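Please open the model in your viewer and keep the sequence beside it. The tour below proceeds stop by stop, saying what to select and what is found there.

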Amino acid sequence: MNTPDAPGTPGPVFVPVLAPAPGAAADRLLRITPLADRVGLRIEGEIDYATLPALRRALAAMGGGSFIVDLSGLAFIDVGGLRALVTTAAALHDGGSGHVLTLRSAPWHVQRLLNLTGWHKAPGLHLHAPPPGPDPPGRAQKPPHRRMAPK
């Protein structure tokens with residue numbers, strides 16, 4: 001998956017990974033590319049059992065220093081994908097190195113899963129969420145429940 005670094009290019013260079021899920025439509029792809037502005041990866045598409053090996057390879061190829069994973073193009077992630085990110089963060093952090101895995105622009109569903117599982121507190125994991133915006137479709141806030149006065 002690695003290609004030789006171009007002169008003056010910091011960090012590893014990855015060939016985009018396109019991994020269709022078995023029996024899925026062509027739009028179920030995972031694309032992993034290097035970030036242009038920082039050491040890290042941009043992940044677009046879906047992470048599930050079929051694309052998880054490509055994610056693991058890309059994370060392992062990043063080496064042992066701190067890096068960023070931009071999730072702004074992520075449409076879906078299952079618990080296996082989430083676990084791969086969390087265990088990578090923990091491995092970076094082990095030994096008191098202080099290295100971290102920063103999740104940049106994590107969609108609301110990733111933030112919610114991290115909070116529900118408690119993995120948002122995992123050592124070595126830093127969540128850099130996008131600024132608050134409107135709720136995604138279907139997630140509109142309900143008005144607060146009002147108690148009726150007794151008759």
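Which residue follows helix 3, and what is the sign of its phi? Select Gly118: this residue comes after helix 3, and its phi is positive, near 85 degrees.

**Before going further**

This is a predicted model, in which local features need pLDDT of at least 70 and side-chain atom pairs count only at pLDDT 80 or more, while totals for chains, interfaces and linings use all residues. Residues are numbered from 1 along each chain as its sequence is written, and side-chain values use heavy atoms, with hydrogens and water left out.

**Stop 1: confidence**

Colour the model by pLDDT, the predictor's confidence in each residue, from 0 to 100. The protein averages 78, and 67% of the residues score at least 70. Now select residues 1-27, where the pLDDT is below 50; beyond near neighbours in sequence, this stretch has 47 contacts in the model. Here contact means heavy atoms within 4.5 Å. Residues 140-144 also have a pLDDT below 50, with two contacts beyond near neighbours in sequence. Where pLDDT is low, the predicted coordinates should not be read in detail.

**Stop 2: the overall plan**

Switch to a cartoon view. Three helices and seven strands are present, and along the sequence they follow the pattern β-β-β-β-α-β-α-β-α-β. These elements are DSSP runs numbered from the N terminus: helices are H or I with at least four residues, and strands are E with at least two.

**Stop 3: the sheet**

Select strands 3 to 7. These five strands form an open sheet in the order 3-4-5-6-7, with mixed pairing. Two strands pair if DSSP finds at least two bridges between them. Strand 3 (30-34) and strand 7 (125-128) stand at the edges; each has a single partner strand, so one side of each lacks a neighbour in the sheet. On average, neighbouring strands are turned by 20 degrees against each other, direction ignored. Strands of a sheet pair through backbone hydrogen bonds, either parallel or antiparallel.

Move across the sheet by its pairs:

- Strands 4 and 5 run parallel and are joined by seven bridges; Glu46 has Phe76 in strand 5 as its bridge partner.
- Strands 5 and 6 run parallel and are joined by four bridges; Phe67 stands opposite Leu101 in strand 6.
- Strand 6 (residues 101-104) and strand 7 pair in the parallel sense over four bridges; the partner of Leu101 in strand 7 is Leu125.

**Stop 4: helices packed on the sheet**

Add helix 2 (residues 79-93), which packs on the sheet and touches strand 4 (40-47), strand 5 (67-77), strand 6 and strand 7. The direction of helix 2 makes about 170 degrees with that of strand 5. Next add helix 3 (residues 108-117), which touches strand 5, strand 6 and strand 7 and makes about 105 degrees with strand 5. For such values, axes are lines fitted to C-alpha atoms, for helices over the stretch in contact, and angles run from 0 to 180 degrees between N-to-C directions.

**Stop 5: helix 1 and Leu59**

Select helix 1 (residues 52-61), in which Leu52, Ala54, Leu55, Ala58 and Leu59 are buried. Buried means under 20% relative accessible area, exposed over 50%, and partly exposed in between (1.4 Å probe, protein chains only). These residues cover an arc of only 160 degrees around the axis, which puts them on the same side of helix 1. The arc is that of the directions from the helix axis to the C-beta atoms.

Centre the view on Leu59, which has a relative accessible area of 4%. Not counting residues up to four places away in sequence, Leu59 touches Leu41, Phe67, Val69, Ala84, Leu85 and Thr88. The C-alpha atoms of Leu59 and Thr88 are separated by 7.2 Å, although the two residues are 29 apart along the chain.

**Stop 6: helix 3 and Ser105**

Return to helix 3, whose buried residues are His109, Val110 and Leu114. They cover an arc of only 135 degrees around the axis, and therefore lie on the same side of helix 3. Strand 5, helix 2, strand 6 and strand 7 are included in what covers them.

Finally, select Ser105, in the loop between strand 6 and helix 3. Ser105 has a positive phi of about 55 degrees although it is not a glycine, and it is partly exposed, with a relative accessible area of 24%.
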